[in-house]
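Work through the exercises below with the model open. Each task is followed by a solution in steps.

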Amino acid sequence: MTEGTTSAAAEGADTLTRLEQEGEIAADYLEGLLDIADLDGDIDMDVEADRASVSIISDTGGRDLQKLVGRDGEVLEALQELTRLAVHRETGDRSRLMLDIAGYRAKKRAELSELGAKAAAEVKSSGEPMKLNPMSPFERKVVHDAIKAAGLRSESEGEEPQRFVVVLPA
């Protein structure tokens with residue numbers, strides 16, 4: 001190995017260790033919240049796409065966990081921000097941690113990928129740009145990725161919370 005690949009490998013290992021530490025801190029924080037709320041849930045940690053990923057899952061169908069998702073994922077988004085703040089408090093570094101509860105975000109990601117693919121197909125056939133409805137940053141990212149995978153470009157326009165994706169022809 002050359003010196004450059006050795007340092008790149010060490011940097012990758014450091015990043016993985018840092019992300020695993022973020023997941024551990026987040027899991028401890030979320031376990032405390034589950035205890036306070038008297039809710040049952042198992043916590044699963046992973047590292048996906050250069051960010052820590054923590055999921056709260058339930059063996060009993062997750063009916064109680066739906067309270068932690070809220071309407072349109074509003075409670076989930078708030079819990080994710082609180083969890084990121086808890087990680088920041090412990091590490092001093094900004095966290096990009098993703099939180100999923102009862103599979104809500106995974107299901108939403110699949111729906112949004114399909115939306116992005118359909119929008120890309122429509123723009124390819126019409127040749128006209130298409131504006132989508134306002135979305136959260138997470139939702140826009142998933143749609144942008146789906147559009148890119150379909151071979152087109154997209155941009156975000158507008159101001160939060162009315163920021164939306166525009167699909168552009170090739």
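**Exercise 1. The largest pocket**

Task: In this predicted model, find how many residues of each class make up the lining of the largest pocket.

Solution:
- Step 1. Sort the lining by class: 12 residues are charged, eight are nonpolar and five are polar.
- Step 2. Locate the centre. Among the 25 lining residues, Arg51, Met98, Arg109, Phe138 and Lys141 are the closest to it.
- Step 3. Assign the lining to elements. At least two residues each come from β2, α3, β3, α4 (104-126) and α5 (137-149). The largest share is that of α5, with five residues.
- Step 4. Record the volume of this pocket, about 600 Å³.

**Exercise 2. The second largest pocket**

Task: Determine which element supplies the largest share of the lining of the second largest pocket.

Solution:
- Step 1. List the lining: Asp72, Gly73, Glu74, Glu77, Tyr104, Arg105, Lys108, Ser136, Phe138 and Glu139.
- Step 2. Map these residues to elements; α3, α4 and α5 each give at least two. The largest share, three residues, belongs to α4.
- Step 3. Class the lining: six charged residues, two polar and two nonpolar.
- Step 4. The space in this pocket is about 230 Å³.

**Exercise 3. Arg84**

Task: Decide whether Arg84 is buried or exposed, and find which residues distant in sequence it is in contact with.

Solution:
- Step 1. Place the residue: Arg84 belongs to helix α3, which covers residues 74-91.
- Step 2. Apply the cut-off. Buried means under 20% relative accessible area; Arg84 has 16%, so it is buried.
- Step 3. Set aside neighbours within four places in sequence. Arg84 then is in contact with Arg51, Ser95, Arg96, Leu97 and Met98.
- Step 4. Look at Arg96 in detail: its backbone oxygen is 3.5 Å from a polar atom of the Arg84 side chain.

**Exercise 4. The nonpolar cores**

Task: Identify which residues have the most contacts inside the largest nonpolar core.

Solution:
- Step 1. Start from the general pattern: nonpolar side chains in soluble globular proteins tend to be buried together.
- Step 2. The largest core holds 17 residues, and Ile56, Leu68, Leu99 and Ile101 have the most contacts inside it.
- Step 3. Two or more residues of this core come from each of α1 (3-37), β2 (51-57), α2 (66-69), α3 and β3 (98-101). The element that gives the most is α1, with four residues.
- Step 4. Take Leu68 as an example. Beyond four places in sequence, Leu68 is in contact with Leu34, Leu39, Val75, Leu76, Leu79 and Ile101.
- Step 5. Separate from this is a second core of 15 residues, including Met130, Met135, Leu152 and Val167.

Key: Residues numbered from 1 in each chain as written. Predicted model: local features only at pLDDT ≥ 70, side-chain atom pairs only at ≥ 80, totals over all residues. Heavy atoms only, no water. Buried < 20%, exposed > 50% of the residue type's maximum accessible area, 1.4 Å probe, protein only. Polar contact = N/O pair within 3.5 Å; in protein donor to acceptor, adjacent residues only side chain to side chain. Contact = heavy atoms within 4.5 Å. Core = buried A, V, L, I, M, F, W, Y, C linked by side-chain atoms within 4.5 Å. 1 Å grid on protein atoms, 1.4 Å probe; cavity = no way out; pocket = protein on both sides within 12 Å on 5 of 7 lines; lining within 4 Å. Points joined across faces, edges and corners; volume = space filled by probe spheres on them. Nonpolar A, V, L, I, M, F, W, Y, C, P; charged D, E, K, R; others polar.
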